[in-house]
Each structure stands twice: as C-alpha cells, then as structure tokens.
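Student: I have a new model open and would like to learn how to read it. Could you walk me through it step by step?

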Amino acid sequence: MTAAFSVSGLGKRYPHFELHDIDLALAEGEIMGLVGVNGAGKTTLLRILAGISSPDSGTVEVLGHSLPREQVAAKRQLGFASEDMRLYRKRSLRWHMDLIARAYPDWDESYAGILLKRFALRAEQLLDGFSHGQRVKALLLLNLARRPRLLLLDEPTTGLDPVARVEVLEALSDVLRDGDRSVVFSSHNTHDIEQLADTITFLHEGRMLASCDKESFIDRWRRMVCQGDWTPDLAHWPQIAALRRSGSVLELKIRDFSDDLAGRLKGQGLDVRTVHPMSLEDIFITTVRAGETA
Ligand SMILES: Nc1ncnc2c1ncn2[C@@H]1O[C@H](COP(=O)(O)OP(=O)(O)OP(=O)(O)O)[C@@H](O)[C@H]1O
C-alpha cells in the first residue's frame, strides 16, 4: 500500500527547540491524530509535511513525492489548514472559493455547497465579519472541497463550540468515505483524537513517545486498584508507569498489560481489586509524566 506520508530520521532545529529523529508513516485512507502539550512540535511536523518548512535532517515523502525536490507535485494533492493561515478579510468566502476553484482542477463545487450548508456559512459574506469558528469552518471548506488526497490540519477543533466541533469531526470522517484519502490532525482534545483517529502519535519535547493504531494503544494500558503494601522491588517493574497511594489502597497505571500481572502482583503481596481500561487522555498524561515511551 502507498504511504500517505513517511518520514525517516526527521530533525528540525530552532534556537530553543529541536524535533528529534522522527520515524513515522501513515497508510493511505487512514487518519492520524497528533497529541502533545503546547510546544511539543506538532505544528513543526505538520508544516514540514505540508512543504512549508524544510527539515534539517532526514527524509520526507508525501503521497509518493520526495520533499523538497517534488514539493510542487505533492502540494497539488495535499491540503493544509491551520488557525494562523490568512484569509483575505475584505473578500467574501465566495471570492475565496472561486480563487481556489481556478487554481485546483479537482475543486468539487457540489461538495462545497454541501459543506456551506453543513457549516451554516454564507458564501457572500466578507471574511471580516466571520466569527472565529466560522473562519475555522471556512478554511476547512476551502481545503475539503479541493478533495486533497492528504489533509493536514493543525488543531481544527480548537475554539469551536460543541456543535461546531461535531460538525467538523463528521466532515473529517466523511473525507475518508471515498477511499484512499488520508488526514493528519493535531489536537489538545484527546476525546476528538480518540473518536476519529486510526493511528495515534504522541509527541513530547520534540520527540516521538509513541505511535500505533488506536485499538492496540488503548489495549496496552490498564488502571489497577490494589490492596496491600508497596514494596521497593515494584519500583523496578517496567510495566508500572505510575503509582498513587492512599493508605493501603494502591492505584497503578500499567503499560504493556498482560493477563498474568495480577498473579505476579499477588506474589508481591498486592491483591488486585479492580482492573479498568484507561482513556487516551489518561494514557497521554501518564506517558508524559513517566517521560518514557508508551
Ligand atoms: N519559526 C520558529 N522559530 C523559532 N522557534 C520556533 C519556530 N517555530 C516553532 N518554534 C518553536 O518550536 C517549538 C515547537 O513549536 P510547535 O508550534 O511545533 O508546537 P506545538 O506542538 O504545535 O504547540 P501548540 O500546541 O502550542 O500549538 C516551540 O518551542 C516553538 O517556540
């Protein structure tokens, strides 16, 4: 299968930040969610994939095109939307739609019409009068109606009200209905990522902490509530990513969960009372705090 993108040994240095040695790929037809705290490097990675910024090391291939050499061909087939992108405030949305329709032969006017209705936008209104959420939706419409094979979205749901958020998430999942289109989006909202993404990538301080398909990701983690005394030996168990004590009750956050764990903990004097799945948010916070790979 062709990769929507693949990067290898990717590095980018800024005076106070470095993206370190990222190896990452996404199969066509899939959605990847990028999770990371402020300043983790999500935008930096997206801008490199969009051909807006060049890496200092490593290789980047987007839709079979090697960047930066073949970036014109790649850019024709990818869409990139981020909050800080400028639209012409004194022009209408219709004016922007016509501009993009002239530049991109794959522009789909009937899909643009559907999105206008879905996002409740008025094509003739000047961008000047758009609210933040309407601008986000306008930017998405302009990108989605181009029907790009790869859509790169930097925090597409930030600042949207709950209804608008769901509309945007639904529009994104619609993108994938027709086959080999792919999406990479960043978000602080792990619920959005959990809902939409096939593959989840954690970035922290410019490093990739983890990347894998959502089901395996969530399946690897558990929260276990145990009764008993903590023994120093347990501190060396790699599966225990976090511990909270309240009297004789211990709450353990477990990575690489296996069914034999309860028996092994029993051998250390801990009775496992309950075992719970963990949300993506909990997994992310635990991973970042543990400072290790998920
Ligand atoms: N052009 C630049 N010059 C210098 N430093 C930069 C530049 N662009 C990004 N950085 C730095 O790189 C780091 C990562 O920024 P980036 O925007 O990629 O993070 P992010 O994960 O998208 O964060 P946020 O969630 O806050 O948007 C930050 O410390 C930022 O200051």
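Student: Let's start with secondary structure. How many helices and strands does the protein chain have?

Tutor: Happy to help! The protein chain contains 10 helices and 14 strands. Keep in mind that this is a predicted model.

Student: Then how should I read the confidence, and where is it lowest and highest in the protein chain?

Tutor: As a general idea, where pLDDT is low, the predicted coordinates should not be read in detail. Here the protein chain has a mean pLDDT of 90, with 98% of its residues at 70 or more. Helix H6 (residues 162-175) has the lowest confidence, a mean of 84, while strand S4 (residues 57-62) has the highest, at 97. For the complex, the predictor gives an ipTM of 0.97 and a pTM of 0.90.

Student: Into which domains is the chain divided?

Tutor: There are domain 1 (3-217) and domain 2 (222-277). Taken over C-alpha atoms, their centres are 40 Å apart. The C-alpha trace of the protein chain spans about 70 × 40 × 40 Å along its principal axes.

Student: What about the interior: which residues have the most contacts inside the largest nonpolar core?

Tutor: In soluble globular proteins, nonpolar side chains tend to be buried together. In this model, the largest nonpolar core has 70 residues, and those with the most contacts inside it are Leu49, Val62, Leu78, Leu141, Leu150, Leu152 and Val184. Helix H5 (residues 132-144) contributes the most to this core, with seven residues. Both domain 1 (3-217) and domain 2 (222-277) supply at least three residues to this core.

Student: And what does Leu150 touch?

Tutor: Leaving aside residues up to four places away in sequence, Leu150 touches Ala4, Phe5, Val62, Leu63, Gln77, Leu78 and Ser182.

Terms used: Residues numbered from 1 in each chain as written. Predicted model: local features only at pLDDT ≥ 70, side-chain atom pairs only at ≥ 80, totals over all residues. Domains from an automatic or database assignment. Core = buried A, V, L, I, M, F, W, Y, C linked by C-beta atoms within 7 Å. Buried ≥ 20, exposed ≤ 12 C-beta atoms within 10 Å, placed from the backbone. Helix = DSSP H or I, 4+ residues; strand = E, 2+ residues; numbered from the N terminus. Contact = placed C-beta atoms within 7 Å. pLDDT = per-residue confidence, 0-100.
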